[in-house]
Amino acid sequence: MKRNINQKVSFGEKVGYSLGDAAANLVFQMMVMFQLKFYTDVFGLDGTVAGSILMIGSLSSVIVDPSVGLLADRTKSRWGKFRPWILWTAIPFCVFYILAFYNPGIEDKAMVAVYATISYVLLMTVYSSNNIPYTSLGGVMTSDIKERTSITTIRFVAVTIAQFVVQGLTLPMVNHFGHDNPQHGWLSTISIFACVALGLFLVTFYVSRERIQPPPRQEISMKDDIKSTISDIPWSALFLLTFALFITLAMWSSAMSFYFQYNVDQKSLYDFLCMFKLVDSIEDSYAVGFSFFNVVAAIVQFIGVITLSRFLANKYGKKKVFIVCLTLTAFFTFLFYLPSPTDVGLLFVLNILKSLSYAPTIPLLWAMIADVADHIEYENYRRATGFCFSGITAALKVGMGLGGAVAGVIISAFGYQPGSVSIQNESAMEGIRLVSSIVPALLFCVGVAALYLYPITKEYNENMQAELAARRRNAGKEELDENF
């Protein structure tokens, strides 16, 4: 096989690759933001039951994700190792996405819970089969440090746009299509998102290319792939970081929809929205206000990713930037406990500060995972990109499920009443406040601690990449000598 030494990636390919994550985030953002609330308020399930469903689906990733990673590493096709998986899973991904938000009209709540569990596990399984090869593909498109940061920056611009669409348009679309039938509104909205996602996946498949190959004499050994990955200190640090991040993001995102509906004074929210001419009646305050809250966050993150992430990472290194920005994110998340129900303006100010603090970190995590895949090759002279990424995504999904589960358990323990209840008791609202502020802030601090265990600094990475580049050049020369 001809080894591609040129590590430059065209802007068009970077954009095309990024569309795959935009597609995945039309699903991911929906699961993070609305799955728990859909189960409680549309399916009518108890918060603990709904949280348990999310946890079961995420725990399945412990088996599915590493299996997909190992299989992807061993895939051989004319399209490469990882690209064909994006093609093969595109249609099933979108079908199971629709089914996870489809109410089949079952009356018995136990059977509703069974249906929700099966459909969610299927969605998480096909998500793994699509997203692990996709993220692994980003790790083999180039080994150039600046190119890799550029790819992830553009990728997360696309992610932020998808986040803007899901968080800003979902509730208005559900209201528009559903009228007095929210179940029909959800089905119509999800179906539109699924069709868009399908088209984006196909574009990613056609335009992306794999440039980094495993060392030419690397023996195929599942045992060695697993051992070299899980014994790698940078990989372990990112595993813990990812787990902490996504349990926190899922908890906070799930909780905020409840926070806006029950903890925020609707008259104060209505008056605030009227300043921007966004709402006509107080009945629309929750849907419009929560959507506007998310849109503001998406816009701020979009600006932060474009203007700060690449610049700060190239100047100070990914690790330093991540530590400072995540510490600030934890601080501003903690402050969400303080506003009174009428302090709507303060909520939006905190939202802007939190989003701006977190924005530079968004592309860095995946660039750092690609650096870890290089570190494993650097230390062990073997490459297992798929398994490396799959372990981290397993931590992501278990964290995401646990975050939603913990949020559901806490609000239920504090007395939350599921369904269309318009007013919750004071205890339930206290539980919602806790999972919207103090609890996720503490978990963000766990992520900061994990970063201190991560040894790949800017200088270390530059030396590592120089050594790997020299090895690949020598491997290419040896391969040419053998052919002649």
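Let us start at threonine 385, which lies in helix H15. In this predicted model, threonine 385 is buried, because its relative accessible area is 3% and the cut-off for buried is under 20%. Setting aside its neighbours within four places in sequence, threonine 385 is in contact with Asp73, Phe82, Ser136 and Val140.

Two of those partners lead us to a pair of helices. Ser136 and Val140 belong to helix H5, and both are listed where H5 meets H15. Helix H5 covers residues 109-140 and helix H15 covers residues 385-413. Their axes come within 9 Å and cross at roughly 140 degrees. The two helices are therefore oblique to each other, since an angle has to be over 145 degrees to count as roughly antiparallel. H5 passes H15 in a right-handed crossing. On the H5 side the contact includes Tyr120, Met124, Tyr127 and Asn131, and on the H15 side it includes Thr385, Phe389, Lys397 and Met400. The residues of this contact divide into seven nonpolar, nine polar and one charged.

Now step back and look at the whole chain. The protein has 18 helices and zero strands. Its C-alpha atoms fill a box of roughly 80 × 45 × 35 Å, taken along the principal axes. How does the radius of gyration fit what a compact globule of 484 residues would have? Such a globule would have a radius near 23 Å, and the protein has 22 Å, which agrees. Buried residues make up 60% of the 484 residues. Of the contacts with a separation of 6 or more, 84% are accounted for by residues 24 or more positions apart.

A second pair of helices is worth a visit. Helix H1, residues 11-41, and helix H7, residues 182-207, have axes that come within 7 Å and cross at roughly 155 degrees. This angle is over 145 degrees, so H1 and H7 are roughly antiparallel to each other. Their crossing is left-handed. From H1, the residues that meet H7 include Glu13, Tyr17, Leu26, Met30, Phe34 and Phe38. Among the H7 residues that they meet are Trp186, Ile190, Phe193, Leu200 and Val207. The residues of this contact divide into 18 nonpolar, three polar and one charged.

Stay with H1 a little longer, as methionine 33 is also in this helix. Methionine 33 counts as buried because its relative accessibility is 3%. Leaving aside neighbours within four places in sequence, methionine 33 is in contact with Gln167, Ser253, Ser254, Ser257, Phe290 and Asn294. Methionine 33 and glutamine 163 are 130 residues apart in sequence, while their C-alpha atoms are 9.9 Å apart in space.

One contact of methionine 33 can be followed further. Glutamine 167 has its place in helix H6, residues 145-178. Is glutamine 167 buried or exposed? With a relative accessible area of 5%, glutamine 167 is buried. Apart from neighbours within four places in sequence, its contacts are Gln29, Met33, Ser291 and Asn294. Asn294 is thus a name you can find among the contacts of glutamine 167 and among those of methionine 33.

Next comes isoleucine 438, found in helix H17, residues 438-452. Its relative accessible area is 22%, so isoleucine 438 is partly exposed. Isoleucine 438 touches Phe334 and Tyr337, once neighbours within four places in sequence are left aside. The C-alpha atoms of isoleucine 438 and tryptophan 252 are separated by 9.9 Å, with the two residues 186 apart along the chain.

Finally, turn to two loops and the backbone angle phi. Most residues other than glycine have a negative phi. Lysine 277 has a phi near 55 degrees, a positive value in a residue other than glycine. Lysine 277 is found in the loop between helix H10 (266-274) and helix H11 (285-316). With a relative accessible area of 75%, lysine 277 is exposed. Tyrosine 381 also has a positive phi, about 60 degrees, although it is not a glycine. Its place is in the loop between helix H14 (364-380) and H15, the helix where threonine 385 is found. At 54% relative accessibility, tyrosine 381 counts as exposed, whereas threonine 385 is buried.

Terms used
Residues are numbered from 1 along each chain as its sequence is written. This is a predicted model: local features need pLDDT of at least 70, side-chain atom pairs count only at pLDDT 80 or more; totals for chains, interfaces and linings use all residues. Side-chain values use heavy atoms; hydrogens and water are left out. Axes are lines fitted to C-alpha atoms, for helices over the stretch in contact, and angles run from 0 to 180 degrees between N-to-C directions. Helices (H or I, at least four residues) and strands (E, at least two) are DSSP runs, numbered from the N terminus. Angles under 35 degrees count as roughly parallel, over 145 as roughly antiparallel, 65 to 115 as roughly perpendicular and the rest as oblique. A crossing is left-handed if the near helix is turned anticlockwise from the far one by less than a right angle, and right-handed if clockwise. Contact means heavy atoms within 4.5 Å. Ala, Val, Leu, Ile, Met, Phe, Trp, Tyr, Cys and Pro count as nonpolar, Asp, Glu, Lys and Arg as charged, and the others, Gly among them, as polar. The radius of gyration is taken over C-alpha atoms; the globule rule is 2.2 Å times the number of residues to the power 0.38. Buried means under 20% relative accessible area, exposed over 50%, partly exposed in between (1.4 Å probe, protein chains only).
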